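Hi everyone, thanks for having me today. Please open the structure on your screens, and we will walk through it together.

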Amino acid sequence: MSTSSAIHFNLKYQDLLLLPQKAIYWQQEKALIAADVHLGKVGHFRKAGIAVPLDLEQNELAVLSDLIFEHKAEKLILLGDFFHSDMNADWDWFILWRSQFPKLEIILIKGNHDIIDESHYHHLNITLHDELLIGPFLMLHHPLVEDDLQSAAGYVFCGHIHPGISLAGKARQHMTLPCFAFGAKQAILPSFGKFTGRVAIRSNKTDRIFAIAKDKVLAIA
């Protein structure tokens, strides 16, 4: 197991930087890739009477800001479930955030939670797709099953399932860490949003798994 704050990973002759903030920086495209931000989930739960810290949404937008500035990203690719549900007060925070990056190209691959009318995204100069082929990569929200992967137009990048890897310690303790999971034809990204769960996934011996522990990315042997 090797450790680093971030890990460089070459895939299909493309240079990817796997970030501990649970996003990928694609160097050739100068693009940040993130899945399952679930913006608005805090407002959704607070509206239902569930106590959630008010600053959680702003923190996640601040993390995106930091990554954009650090890597000088020109493009943001969101692999679905960007906004959690119906529009609420958290959308206003996003409008303010968007105004700080007027030249940033934002592409949203629509997920099952992205139910806000598309006109609101178009007003903020955000393009929407059900799927999008960029270079060797096919951007989706839902993972494809094995049969569909065989006919996919490119190597798939997706999210949706909030993947995690279950690790066992010497004292029999277990923990499930968010992870990037790279298979032969498909990569599943961890959920960018902190207010989400994760599901331990089954992997093949040929898969490349990168777990995220605090501020480090770990290559799992």
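Let me begin with a question: is Ala35 buried or exposed? Ala35 counts as buried because its relative accessibility is 0%. Here, buried means under 20% relative accessible area, exposed means over 50%, and partly exposed is in between, with a 1.4 Å probe and protein chains only.

Before we go on, a word about what you are looking at. This is a predicted model, where local features need pLDDT of at least 70 and side-chain atom pairs count only at pLDDT 80 or more, while totals for chains, interfaces and linings use all residues. Residues are numbered from 1 along each chain as its sequence is written, and side-chain values use heavy atoms, with hydrogens and water left out.

Now back to Ala35. You will find Ala35 in the loop between β5 (31-34) and α1 (41-47). Those labels count helices (DSSP runs of H or I, at least four residues) and strands (runs of E, at least two) from the N terminus. Ala35 and Gly159 are 124 residues apart in sequence, yet their C-alpha atoms are 5.4 Å apart in space. Leaving out residues up to four places away in sequence, Ala35 touches Leu79, Gly80, Gly159, Leu189, Pro190, Ser191 and Phe192. A contact, by the way, means heavy atoms within 4.5 Å.

Let's zoom out to the whole protein. The protein has five helices and 17 strands. There are 221 residues, and 51% of them count as buried. Among contacts with a separation of 6 or more, 65% are between residues 24 or more positions apart. The accessible surface is about 11,300 Å², and carbon and sulfur atoms hold 53% of it. That area comes from the Shrake-Rupley method with a 1.4 Å probe, and for residues only the protein chains shown count as cover.

Next, please look at strand β7, residues 105-109. Which two residues shall we visit there? Ile106 is one residue of this strand, and Ile109 is another. Ile106 counts as buried because its relative accessibility is 1%, and Ile109 counts as buried because its value is 0%. From Ile106 to Leu78, 28 residues away in sequence, the C-alpha distance is 7.6 Å. Beyond four places in sequence, the residues that Ile106 touches include Leu76, Leu78, Trp97 and Arg98. For Ile109 and Glu131, 22 residues apart along the chain, the C-alpha atoms are separated by 6.0 Å. Ile109 also touches Leu78, and its other contacts beyond four places include Gly80, His129, Met139 and His141.

On to the cysteines. How many disulfides does a search of the whole structure find? The search finds zero, where a disulfide is a pair of cysteine sulfur atoms within 2.5 Å. Cys158 is buried because its relative accessibility is 0%, and Cys179 is buried because its relative accessible area is 0%.

From Cys179 we can step over to Ala213: the two are 34 residues apart in sequence and 9.1 Å apart, C-alpha to C-alpha. Ala213 sits in strand β16 and is partly exposed because its relative accessible area is 23%. Not counting neighbours within four places, Ala213 is in contact with Leu177 and Leu218.

Now a bit of backbone geometry. Most residues other than glycine have a negative phi. His162, though not a glycine, has a positive phi of about 55°. His162 lies in the loop between β11 (155-158) and β12 (163-168), and counts as buried because its relative accessible area is 13%. Lys214 also has a positive phi, near 55°. Lys214 is in the loop between β16 (208-213) and β17 (216-220), and is exposed because its relative accessible area is 81%.

Lys214 brings us to our last stop. Which residues lie nearest the centre of the second largest pocket? They are Pro20, Gln21, Lys22, Lys194 and Lys214, out of 14 lining residues. The largest share of the lining, four residues, comes from α2. By type, the lining divides into seven nonpolar, one polar and six charged residues; Ala, Val, Leu, Ile, Met, Phe, Trp, Tyr, Cys and Pro count as nonpolar, Asp, Glu, Lys and Arg as charged, and the others, Gly among them, as polar. A pocket here is an open set of points on a 1 Å grid over the protein atoms alone, where a 1.4 Å probe fits, with protein on both sides within 12 Å along at least five of seven lines, and lining residues have an atom within 4 Å of a point.

Thanks for listening!
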